[in-house]
Amino acid sequence: MALDIGGWLAPVEQLTYLLAASLFIIGLKFLGSPATARKGNSLASVGMLLAIVVTLLDQGIVDYTTIFIGILIGSAVGAIAAQKVEMTEMPQMVGLLNGFGGAASALVAIGEYWRLSHAGMAVPMNVLVTAVLGVLIGGVTLTGSLMAFGKLQGVISGSPVTYPLQQPINLSLLVGFVVGGIYLIANPNDLNIFFDISAISLILGVLFVLPIGGADTPVVISLLNSFSGLAASAAGFVLGNDMLIIAGALVGASGLILTQIMCKAMNRSLSNVLFGAFGGGNTASGAAAAGKTDGVQKSHRSVDAEEGAMMLGYARSVIVVPGYGMAVAQAQHAVRELADQLEKNGVDVKYAIHPVAGRMPGHMNVLLAEANVPYSQLYDMDDINPEFERADVALVIGANDVVNPDARDNSGSPIYGMPILEVDRAKSTIVIKRSMNPGFAGIDNELFYKDKTMMLFGSAKDVVTDLVAHVKELVTA
């Protein structure tokens, strides 16, 4: 039988919720810097633990056995995931967690509605409205996040999937949900309608993510993260739980802010991201991949690892620009070793981080932190761009669209106006890449054909490892 925290214990519950909310806010603040991110995550975790413990003391809890089993299973899955999931797979992990959050919120709404209707009780209007909203947001978040996970994992094509009358079909489904929701509010005991609108919300989530290209999936994950927070708030209103409302609002607001920041970094509106069907992965024409524009064959210059090592080893300053290719090859540790060798040779090494490099915000920061790269060497785009003109070598590792000068110089380019890392302003540029194929945006990169650019082909990890060996020879020479 559950404990009753009424009477003198009720203020303890509210004070604990207040403390937990404060820890959430402080944790979010600390997450704004790589140097304090771990502390912020720990504080927020403590806040969540406090909120869970005090919630379990609430008199509304009727079956601790089921809850205890759930905690054991969930903790086991979380512990295994923490050990097994690679840092390069964190975007997929975040997508799954968003989906689980949406599913939990939708199940809370469905469960509360089911409980009240089957008990023969009148469903309060506020519970009914928030339950309908919870089902919509939670269902879209669940299936949308699973679709995003599939695109990032390669299970589903990263290219935009479009078909005739796509938007009218989506609009019709949304209208159907609204009509069903209104009918349910007028007839709260119609379970069939409730399950119908639940099914529509799941379908909407799939159709919401299908037309979004691989290049825009990180933005969608951030938006779905916001949706999961809104769904949690809706569940909080259904249950009358203040802590759930606060936590959901924080997640929802931070997710929306992050989405806005990412759209700004790509110089695109959110509507263009969601409905523009942009970013077809490696779907560019063979002509673009081969360096042909308007029938003119463009040429590039190549170097091998030994020549590249000489350029790096005898430089005074090197700026490393990591991209998704580094993440795929898991080359972050080799990159750190290369930087260490260059510093032994008196080279000043900095890292340039683009906001949307990789597949989630902060993806490059996380990978480099895993390799123990000092935080002081990581520079945001606005801070590092003026440094490129003074750099002897810009070393681009698996980055593509975020260093494409056409975004700055070519008004006809699809990515024109997108802020980039201006690596072409360095005295020399070395680009480590598997091939000349385009990036997520599906367009050719003018950087590869500039006179100061040298292409070094191969897997990032293998190439950087070779560079390390040759730089060591220079150091010992």
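Analyst: Helices (H or I, at least four residues) and strands (E, at least two) are DSSP runs, numbered from the N terminus. By that rule the chain has 18 helices and 9 strands. The model is predicted: local features need pLDDT of at least 70, side-chain atom pairs count only at pLDDT 80 or more, and totals for chains, interfaces and linings use all residues. Residues are numbered from 1 along each chain as its sequence is written, and side-chain values use heavy atoms, with hydrogens and water left out.

User: Where is Leu 165, and what is its phi?

Analyst: Leu 165 sits in the loop between helix 5 and helix 6. Its phi is positive, about 60 degrees, although Leu 165 is not a glycine.

User: What makes Leu 165 buried or exposed?

Analyst: Its relative accessible area is 61%. Buried means under 20%, exposed over 50%, partly exposed in between (1.4 Å probe, protein chains only). Leu 165 is therefore exposed.

User: What about Asn 372?

Analyst: Asn 372 has a relative accessible area of 56%, so it counts as exposed. Asn 372 lies in the loop between helix 15 and strand 6. Its phi is positive too, about 65 degrees, and it is not a glycine.

User: Why is helix 15 called largely enclosed?

Analyst: Helix 15 covers residues 363-370, and 6 of its 8 residues are buried, so the rest of the structure largely encloses it. The buried ones are His 363, Met 364, Asn 365, Leu 367, Leu 368 and Ala 369. They pack against several elements, including helix 4 (90-118), helix 14 (332-344) and strand 5 (348-353). Across the chain, buried residues make up 46% of the 477.

User: How do you know how helix 5 runs against helix 6?

Analyst: Take the angle first. Helix 5 (residues 125-153) and helix 6 (residues 166-186) pack at about 160 degrees, with their axes 10 Å apart. That makes the pair roughly antiparallel (under 35 degrees is roughly parallel, over 145 roughly antiparallel, 65 to 115 roughly perpendicular, the rest oblique). Axes are lines fitted to C-alpha atoms, for helices over the stretch in contact, and angles run from 0 to 180 degrees between N-to-C directions.

User: Which residues make that contact, and how many are nonpolar?

Analyst: Contact means heavy atoms within 4.5 Å. Helix 5 brings residues including Met 125, Leu 128 and Val 132, while helix 6 brings Phe 177, Gly 181, Leu 184 and Ile 185. The split is 9 nonpolar, 1 polar and no charged. Gly counts as polar in this scheme.

User: What is the packing of helix 5 and helix 7?

Analyst: Helix 5 and helix 7 (residues 191-209) pack at about 35 degrees, axes 7 Å apart. Residues in the contact include Gly 139, Val 140 and Lys 151 of helix 5 and Phe 194, Ser 201 and Gly 205 of helix 7. They divide into 13 nonpolar, 6 polar and 1 charged.

User: What makes up the largest nonpolar core?

Analyst: A nonpolar core is a set of buried Ala, Val, Leu, Ile, Met, Phe, Trp, Tyr and Cys residues joined through side-chain atoms within 4.5 Å. The largest has 40 residues, and Leu 312, Val 318 and Leu 467 are among those with the most contacts inside it. Helix 18 (residues 460-476) gives the most, with 6 residues. A second, separate core has 33 residues, including Phe 388 and Met 418.

User: What does Val 318 touch?

Analyst: Leaving out residues up to four places away in sequence, Val 318 touches Leu 312, Leu 342, Val 347, Asp 348, Val 349, Lys 350, Val 393 and Leu 395.
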